[in-house]
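This briefing covers helix packing, nonpolar cores, charged pairs and backbone geometry. Please view the sequence and the structure first.

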Amino acid sequence: MSAQGLVHGPLGQTCLHLCVDMQRLFAPGSPWAVPWAQKVLPAIEELVARHAHRTLFTRFIPAARPGEGPGMWSQYYRRWADVTLARIDADLVELIGTLARFVPPAMVLDKHVYSPWTEGRLDALLKGSEIDTLIVTGGETDVCVLATVLGAIDRGFRTVLVTDAICSSVDATHDALMELYRSRFSEQVEAVTMETILEAWRQTKQ
């Protein structure tokens with residue numbers, strides 16, 4: 001049985017909205033386009049507008065050239081040579097325009113792998129802070145969002161997943177991961193709608 005709602009209590013000033021990879025790289029016209037990204041964008045934009053000071057955007061930065069990267073990443077970027085920095089418009093790594101306008105006060109953290117935790121900068125940013133709750137939005141549900149959520153769980157953060165503000169390019173795996181989040185991680189992931197978040201998270205420290 002999966003948990004429903006914010007079972008671990010109200011949201012407050014110890015929350016951080018962690019928005020995963022909502023970039024032009026995944027917008028229409030890109031080789032990595034995620035069609036659902038445009039559908040969840042308005043909800044994400046509303047949350048950021050209310051809590052820009054408490055928002056951190058991650059950006060996925062591809063390898064500089066085809067074949068670069070450690071281990072199997074080099075094979076990955078031979079397969080995806082057309083999305084290396086040498087071949088794409090540099091602006092594709094930027095946030096989608098309606099979100100970019102919130103930076104600052106919102107923050108940006110760049111990463112070169114799926115997880116925002118692996119390279120250590122997110123840990124360093126949060127170390128010693130009052131943040132104990134991460135509200136997760138963005139894409140993709142079954143790749144970078146998954147890596148973000150698992151890392152948050154491992155570090156003991158209260159993890160709140162906004163169900164109508166995450167997206168994937170593959171419906172079947174999006175649905176499978178939603179079931180996984182709600183069932184296998186029901187004690188550690190609170191999966192709720194944006195309406196619930198907007199109602200529950202009303203005050204932040206500016």
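In this predicted model, the buried residues of helix α5 pack against β1 (15–20), β3 (107–111), β4 (133–139), β5 (158–167), α6 (171–183) and β6 (189–192). Helix α5 itself spans residues 144–154, and 8 of its 11 residues are buried. The points below take the helix first, then the cores, the salt bridges, one buried arginine and the backbone.

**Helix α5**

- The buried set in α5 consists of Cys144, Val145, Ala147, Thr148, Val149, Gly151, Ala152 and Ile153.
- An α-helix has 3.6 residues a turn, so residues three or four places apart point the same way.
- Glycine 156, just after α5, has a positive phi of about 85°.

**Nonpolar cores**

- The largest nonpolar core contains 42 residues, and Met22, Ile44, Ile135, Met194 and Ile197 have the most contacts inside it.
- Two or more residues of this core come from each of β1, α1 (36–50), β2 (55–60), α2 (72–79), β5 and α7 (194–200).
- Helix α1 provides the largest share of this core, with 7 residues.
- Which residues does isoleucine 44 contact, leaving aside its neighbours within four places in sequence? They are His17, Cys19, Met22, Leu99, Thr137, Gly138, Ala165 and Met194.
- A second core, separate from the one above, has 24 residues and includes Leu56, Leu109, Val145 and Val149.
- Val145 and Val149 also belong to the buried residues of α5.
- In soluble globular proteins, nonpolar side chains tend to be buried together.

**Salt bridges**

- The model has 13 salt bridges, counting a side-chain nitrogen of Lys or Arg within 4 Å of a carboxyl oxygen of Asp or Glu.
- Lysine 111 and aspartate 21 form a salt bridge through their side chains, at 3.0 Å from N to O.
- Lysine 111 is in strand β3 and aspartate 21 is in the loop between β1 and α1, so this pair ties together parts 90 residues apart in sequence.
- Are these two partners buried or exposed? Lysine 111 counts as buried because its relative accessibility is 1%, and aspartate 21 is buried at 3%.
- Arginine 101 and glutamate 45 form a salt bridge at 2.5 Å from N to O.
- This pair links distant parts of the chain, with arginine 101 in the loop between α3 (97–100) and β3 and glutamate 45 in helix α1, 56 residues apart.
- Arginine 101 has a relative accessibility of 53%, so this residue counts as exposed.
- Arginine 155 forms a salt bridge with aspartate 123, and their closest N and O atoms are 2.7 Å apart.
- Arginine 155 lies in the loop between α5 and β5 and aspartate 123 in helix α4 (residues 121–126), so the pair joins parts 32 residues apart in sequence.
- Arginine 155 counts as partly exposed at 38% relative accessibility, and aspartate 123 counts as partly exposed at 29%.
- Arg59, Glu94 and Asp110 are linked in a network of salt bridges.

**Arginine 158**

- Arginine 158 is a residue of strand β5.
- The relative accessible area of arginine 158 is 15%, which means that this residue is buried, the cut-off being under 20%.
- The side chain of arginine 158 reaches the backbone oxygen of glycine 9 at 2.7 Å, and makes a polar contact with the side chain of glutamate 190 at 2.6 Å.
- Leaving aside its neighbours within four places in sequence, arginine 158 contacts Leu6, His8, Gly9, Pro10, Leu11, Asp132, Thr133, Leu134 and Glu190.

**Backbone geometry**

- Most residues other than glycine have a negative phi, and most peptide bonds are trans.
- What is the phi of aspartate 21? The value is near 55°, which is positive in a residue other than glycine.
- Aspartate 21 also takes part in the salt bridge with lysine 111.
- The peptide bond from valine 103 to proline 104 is cis, with omega near -20°.
- Proline 104 sits in the loop between α3 and β3.
- The peptide bond from glycine 139 to glutamate 140 is also cis, with omega near -10°.
- Glutamate 140 is in the loop between β4 and α5.

Definitions and conventions
Residues are numbered from 1 along each chain as its sequence is written. This is a predicted model: local features need pLDDT of at least 70, side-chain atom pairs count only at pLDDT 80 or more; totals for chains, interfaces and linings use all residues. Side-chain values use heavy atoms; hydrogens and water are left out. Buried means under 20% relative accessible area, exposed over 50%, partly exposed in between (1.4 Å probe, protein chains only). Helices (H or I, at least four residues) and strands (E, at least two) are DSSP runs, numbered from the N terminus. Contact means heavy atoms within 4.5 Å. A nonpolar core is a set of buried Ala, Val, Leu, Ile, Met, Phe, Trp, Tyr and Cys residues joined through side-chain atoms within 4.5 Å. A polar contact is a pair of N or O atoms within 3.5 Å; within protein, one must be able to donate a hydrogen and the other to accept it, and residues adjacent in sequence count only if both atoms are side-chain atoms.
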